[in-house]
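Trainee: I would like a close look at one part of this protein, the sheet. Please take me through how the sheet is put together and what packs around it.

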Amino acid sequence: KLPPGMHIPERDLSEALGISRTPMREALRILEAEGLALANLAPLFELSGFRVLVDLGHRKTSLCLMHEGRPLTTRTIPTAGLALTKALARDTGLSMEMAEEKKRRDGLLSSESTGPSGTFLDQLDRIAREIVRTIESHDLDLDGHAFGKVEEITLMGGSAYLEGLEG
């Protein structure tokens with residue numbers, strides 16, 4: 001495990017992963033661009049305090065931990081709306097098209113149950129755990145001072161509008 005903010009030379013990282021430096025550079029640029037896209041939203045909103053921006057997209061969820069409008073860390077995970085639809089299709093035996101329609105119509109709640117279940121719940125749980133990990137990864141600033149509690153988790157992106165997610 002590496003401490004937050006530790007510099008790792010690109011050459012060492014590519015050797016450790018067994019890939020050449022060119023695809024390593026491209027992968028790092030893509031990851032940086034996705035996470036920083038959220039950070040670039042900071043000037044558009046008043047983002048004081050300690051908060052997490054969560055972009056629940058179709059194929060991925062991007063997370064950006066912010067303090068006083070400055071990004072502290074960003075990460076992207078490959079779990080989002082499509083994974084929820086696939087899980088719902090598995091849980092219910094519906095086609096992907098019908099599962100997507102059901103997800104949009106009913107959100108996390110449906111007439112058959114009081115909440116999500118099975119692999120659908122597993123996917124939601126994975127996203128929630130990643131949000132917690134992101135927060136826990138930066139509980140101190142560079143001077144060793146605690147940031148305090150997260151004041152807000154802001155959900156955005158298409159999947160953020162699912163009925164029942166706000167609770």
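Mentor: Here is a walk through the sheet, strand by strand, with its surroundings. Keep in mind that this is a predicted model.

Start with the chain as a whole. The protein chain has five helices and four strands. Read from the N terminus, the order is α-α-β-β-β-α-α-α-β. Of its 167 residues, 34% count as buried. Contacts over sequence distance come next. Take the contacts between residues at least 6 apart in sequence: 50% of them join residues at least 24 apart. The accessible surface comes to about 10500 Å². Carbon and sulfur atoms account for 55% of that surface.

Now the sheet. Four strands form an open sheet, and their order is 3-2-1-4. The pairing is mixed. Strand 3 and strand 4 (152-156) stand at the edges. Each of these two has a single partner strand, so one side of each is left without a neighbour in the sheet. Neighbouring strands are turned by 15 degrees against each other on average, direction ignored.

Look next at the pairing of strand 2 and strand 3. Strand 2 covers residues 61-67, and strand 3 covers residues 70-77. The two run antiparallel and are joined by seven bridges. Leu65 stands opposite Thr73 in strand 3. His67 has Arg70 of strand 3 as its bridge partner.

The hairpin has two residues between these strands. Glu68 sits in that loop, between strand 2 and strand 3. Its backbone deserves a check. Most residues other than glycine have a negative phi. Glu68 has a positive phi, near 50 degrees, and Glu68 is not a glycine. As for cover, Glu68 is partly exposed, because its relative accessible area is 47%.

Move to strand 1, residues 50-56, where Arg51 has its place. Arg51 is charged by name, so is Arg51 buried or exposed? Set the remark on charge aside, as it is not part of this picture. Arg51 is buried, because its relative accessible area is 7%, and buried means under 20%. The side chain of Arg51 makes a polar contact with the side chain of Glu152, at 2.9 Å. Leaving out residues up to four places away in sequence, Arg51 touches Cys64, Leu65, Met66, Val150, Glu151, Glu152 and Thr154.

Then the nonpolar packing. In soluble globular proteins, nonpolar side chains tend to be buried together. The largest nonpolar core here has eleven residues. Phe50, Val52, Val54, Leu56, Leu63, Leu65, Ile77, Ile127, Ile131, Ile135 and Ala160 make it up. Strand 1, strand 2 and helix 5 (118-136) each supply at least two of these residues. Strand 1 gives the largest share, four residues. Ile131 shows some of the contacts. Not counting residues up to four places away in sequence, Ile131 touches Val54, Leu63 and Ile153. Apart from this core lies another, of eight residues. Ala87, Ala99, Leu124 and Leu162 are among them.

To sum up, the sheet runs 3-2-1-4, and strand 1 supplies four residues to the largest core.

Key
Residues are numbered from 1 along each chain as its sequence is written. This is a predicted model: local features need pLDDT of at least 70, side-chain atom pairs count only at pLDDT 80 or more; totals for chains, interfaces and linings use all residues. Side-chain values use heavy atoms; hydrogens and water are left out. Buried means under 20% relative accessible area, exposed over 50%, partly exposed in between (1.4 Å probe, protein chains only). Contact means heavy atoms within 4.5 Å. Accessible areas come from the Shrake-Rupley method with a 1.4 Å probe; for residues, only the protein chains shown count as cover. A polar contact is a pair of N or O atoms within 3.5 Å; within protein, one must be able to donate a hydrogen and the other to accept it, and residues adjacent in sequence count only if both atoms are side-chain atoms. Two strands pair if DSSP finds at least two bridges between them. Axes are lines fitted to C-alpha atoms, for helices over the stretch in contact, and angles run from 0 to 180 degrees between N-to-C directions. A nonpolar core is a set of buried Ala, Val, Leu, Ile, Met, Phe, Trp, Tyr and Cys residues joined through side-chain atoms within 4.5 Å.
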